[in-house]
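Student: I should like to learn how the terms used for a protein model are justified. May we take them one at a time?

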Amino acid sequence: MQTGPDKTRSVQLPGPAPRGWRAALRARLEGATATLAIPALLLVLFFFLLPVALLLARSILEPEAGLGNYAELLQSGAYRTVLLNTFTIASVVTVVTVLIGFPVAWLIAVSNRFWGMALLGLIFISMWTSLLTRSFAWLILLQSNGVINRMLKGLGLISEPLSLVNNMTGVVIGMTYILLPFVIFPLLSTMRAIEPGLLRAAALCGANRWQCFLHVFLPACVPGIAAGALMVFVMSLGYFITPVMLGGSSTMMLAELIVHLVQSLLRWGLGAAAAFILFAITLAAYALQLRLFDPLRSAKGGR
Amino acid sequence: MLLDFRHLGALRWVLVAIGLLVAGFLLLPVVFIVLLSFGSSRWLIFPPPGWTLKWYEAFFADPGWFAALGASLRVGLAAAVIAVVFGLGAALAMSRGRLRGAWWLHMLLLMPMVLPVVVLAVGIYSLALRAGLNDTFIGFVLSHAIVALPFTVIILVNGLNSFDPSLEDAAVLCGASRWRARLHVTFPSIRLSIITAVIFAFLISWDEIVISIFMAGPNLQTLPVKLWTTLRQDLTPVIAVASTMVLAFSLILLLIAAILTRRGR
């Protein structure tokens, strides 16, 4: 038999124990459960909060105390170009992923179980297989004598090879490829939640297909589009591997700049400040998203 | 009618065409890299002049690649175990304990997923340099565990929420200790979530590259780091072999996860 305070719970059924004692025991048991979160909390403290705090400290303390690093980042033309690149690429990637993701989510929403699952499985696989490997594949595919260029040439569409890599085109193709799932999944769940009766009602009221799409279907999809677009935009702001591999010297993005400053130039203060700007933008975007749609609330049942 | 395939009219063929193109777009790089690893061209020309296994021989003959593969497996396993054990504790505390700040705790634990990984990487690097954790096994494991933790928390909280806590309470009422009840009633019931969490935590570590680039040193580098450094020096077909290995391993694990989820229904 067990010993210790746990055993006493079995006494609860017939137990004529005083109320206060029982409540105290319960509190103790549940208090003990709460302590189970401590290891995870310590991990988050030492490998998340502390590094981030350290970075913030370094950004305002090195090489000397003050906001000099931030001023340098925002004033220097070279760094401003990097910021501009980052926002441009993130915006283009967001628009392209939404334009491609929308019909794909729609197709999955209307296809039968088998084909829907097949497409979803494919998207899921591409989401969970190596980012590095897939970026590498695109690097080879998009080369000037690569498969894509030779195929286009063979079809007679182009006479000279297109420069598809080591520039912004390459970065956009690679990042669209990698971020596509993040717009398809939220869109799909929004579309699946749309009441089909709503569309039928619109049709019964005399709306044609185009009016139905524009005035009923599309507005109903807006939350999904917004969630997916925001997600893709924020994620692309911080991307490192794909832009480095598929981009060129003129398409440097914020993440690459941070790594360059810290690892090659050892300018920790400046690098930390750049990292903090990225962090702040990301947090702001997620705060916006939390305001619009609370993922935790929606995860706990309800839509 | 816009949500019914049969009533979409000509539009459905447009959707199907886009779907096929996107499916091809998603599959192309994965299939391409596997084919490339068997091609005989030193210069990664495709379609290759012939097929060969010599790049695989070169991969396994090179102690550097082999060591990286071993390091990735060890780091991945250790990081997965830590992320799942810590995540399970946190999930129990949040869904079972009467914790006032449960929402905040949940948000805090999900934060590492939200932060751009490059920021986390630079931060951890800065800390690791001071703590002497760079180029060490423990440094790799803990920094991978923090990236995997949000995912294990999500999976395990979902698992616990779909399990009726009164079953555990019943076991306790029948005389089992709280821990015994968990071990014999709760954990077996959510074993599917636990296994899924282990698989995905491993996959995250297996694929982690940005933090690893900073963590790696002459002593220890994982397979993606070795891939990355080799890539920047020289585009050899052995990279395609290493990529295929990374892909194959991920696909096998995903398949296991899918089969388990299926069986669980």
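Student: How many Å separate the centres of domain 1 of chain B and domain 2 of chain B, taken over C-alpha atoms?

Tutor: This is a predicted model, and in it the centres of these two domains of chain B lie 32 Å apart, taken over C-alpha atoms. Domain 1 of chain B covers residues 5-37 and domain 2 of chain B covers residues 63-264.

Student: What makes domain 1 of chain B and domain 2 of chain B partners in contact?

Tutor: Contact requires heavy atoms within 4.5 Å. Five residues from domain 1 of chain B and five residues from domain 2 of chain B take part. Between them the two domains bury about 430 Å², with 83% of it on carbon and sulfur atoms.

Student: Which three residues supply the most of the area that domain 1 of chain B buries against domain 2 of chain B?

Tutor: They are Val30(B), Ile33(B) and Ser37(B), which supply 77% of that area. On the side of domain 1 of chain B that touches domain 2 of chain B, four residues are nonpolar, one is polar and none is charged.

Student: How many salt bridges and polar contacts are counted between these domains?

Tutor: The count of salt bridges between domain 1 of chain B and domain 2 of chain B is zero. For polar contact, the count is one residue pair, both residues being at pLDDT 80 or more.

Student: How do you know that chain A and chain B are in contact?

Tutor: The cut-off is again heavy atoms within 4.5 Å, and 92 residues of chain A are in contact with 99 residues of chain B. The area buried between the chains is about 8,700 Å², of which carbon and sulfur atoms give 81%. Helix 2 (residues 38-61) of chain A brings 15 residues, the largest share of the side of chain A that touches chain B. By class, that side of chain A has 66 nonpolar, 13 polar and 13 charged residues. Across the interface of chain A and chain B there are zero salt bridges, but four residue pairs are in polar contact, both residues at pLDDT 80 or more.

Student: Why is the pair of Arg267(A) and Glu72(A) called a salt bridge?

Tutor: The closest N and O atoms of Arg267(A) and Glu72(A) are 3.3 Å apart. The limit for a salt bridge is 4 Å, so the pair of Arg267(A) and Glu72(A) qualifies at 3.3 Å. Arg267(A) lies in the loop between helix 12 and helix 13 of chain A and Glu72(A) lies in helix 3 of chain A, so the pair ties together parts that are 195 residues apart in sequence. Over all chains, the search finds six salt bridges.

Student: What makes the backbone at Pro63(A) and at Asn166(A) worth noting?

Tutor: The peptide bond from Glu62(A) to Pro63(A) is cis, with omega near -5°, and Pro63(A) is found in the loop between helix 2 and helix 3 of chain A. Asn166(A) is not a glycine, yet has a positive phi of about 65°. Asn166(A) lies in the loop between helix 7 and helix 8 of chain A.

Student: Where in chain A does pLDDT stay under 50?

Tutor: It does so over residues 1-17 of chain A and over residues 296-303 of chain A. Where pLDDT is low, the predicted coordinates should not be read in detail. Chain A averages a pLDDT of 84, and 86% of the residues score at least 70.

Note on methods
Residues are numbered from 1 along each chain as its sequence is written. Chains are lettered from A and ligands numbered from 1 in the order in which they are written. This is a predicted model: local features need pLDDT of at least 70, side-chain atom pairs count only at pLDDT 80 or more; totals for chains, interfaces and linings use all residues. Side-chain values use heavy atoms; hydrogens and water are left out. Buried area is the accessible area (1.4 Å probe) that two parts lose on being put together, summed over both. A salt bridge is a side-chain nitrogen of Lys or Arg within 4 Å of a carboxyl oxygen of Asp or Glu. A polar contact is a pair of N or O atoms within 3.5 Å; within protein, one must be able to donate a hydrogen and the other to accept it, and residues adjacent in sequence count only if both atoms are side-chain atoms. Helices (H or I, at least four residues) and strands (E, at least two) are DSSP runs, numbered from the N terminus. Ala, Val, Leu, Ile, Met, Phe, Trp, Tyr, Cys and Pro count as nonpolar, Asp, Glu, Lys and Arg as charged, and the others, Gly among them, as polar. Domain bounds come from an automatic or database domain assignment. pLDDT is the predictor's confidence in each residue, from 0 to 100.
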